[in-house]
Amino acid sequence: MSSRITLKTKGKTVKGAKDSEKSRADCLKEWSTWGMKKAKVITHYGFIPLVIIIGMNSDPKPQLYQLLSPV
């Protein structure tokens with residue numbers, strides 16, 4: 001009988017031919033994380049301009065300085 005030694009690794013494994021194919025769950029998780037990061041940036045920089053544009057299109061039509069002034 002020949003004894004075979006196998007090494008068990010902890011943590012990340014080395015990518016080989018078998019590991020090169022990602023599962024659908026991993027791809028979905030990766031893409032959803034990417035999409036949420038992009039949505040966060042778009043929301044962060046787009047919220048105030050969106051409020052100004054909506055305010056300028058309402059009745060009565062205010063001037064830009066009226067929308068931006070605190071009073």
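**Warm-up: the chain as a whole**

The chain exposes about 7,700 Å², and carbon and sulfur atoms supply 64% of that area; accessible areas come from the Shrake-Rupley method with a 1.4 Å probe, and for residues only the protein chains shown count as cover. This is a predicted model, in which local features need pLDDT of at least 70 and side-chain atom pairs count only at pLDDT 80 or more, while totals for chains, interfaces and linings use all residues. Residues are numbered from 1 along each chain as its sequence is written, and side-chain values use heavy atoms, with hydrogens and water left out.

**Exercise 1.** Find how many helices and strands the chain has, and what share of its residues is buried.

*Solution.* Start with the secondary structure: there are two helices and zero strands. Helices (H or I, at least four residues) and strands (E, at least two) are DSSP runs, numbered from the N terminus. Next, burial: of the 71 residues, 1% are buried. Buried means under 20% relative accessible area, exposed over 50%, and partly exposed in between (1.4 Å probe, protein chains only).

**Exercise 2.** Check the span of helix α1 and locate its kink.

*Solution.* The expected span is 1.5 Å times one less than the number of residues. For the 33 residues of α1 that gives 48 Å, and the end C-alpha atoms are 45 Å apart, which agrees. Now look along the helix: a kink of about 45° lies at G46, shortly before the proline P49. The bend is the angle between axes fitted to the seven residues ending at a residue and the seven starting there.

**Exercise 3.** Classify the aromatic pair in the chain.

*Solution.* Rings of Phe, Tyr and Trp (its six-membered ring) pair if their centres lie within 6.5 Å; planes under 30 degrees apart are stacked, over 60 edge-to-face, and the rest tilted. The count is one aromatic pair. The ring centres of W31 and W34 are 5.4 Å apart and their planes lie at 75°, so this pair is edge-to-face. Both sit in helix α1 (residues 24–56), three residues apart, and are therefore separated by about one helical turn. W31 is exposed because its relative accessibility is 57%, whereas W34, at 49%, is partly exposed.

**Exercise 4.** Travel from the loop to helix α2 and place P60 and L68.

*Solution.* P60 is in the loop between α1 and α2, and the peptide bond from D59 to P60 is cis, with omega near -15°. Moving on, L68 belongs to helix α2 and counts as exposed at 53% relative accessibility. Finally, the C-alpha atoms of L68 and I52 are separated by 8.2 Å, with their positions 16 residues apart along the chain.
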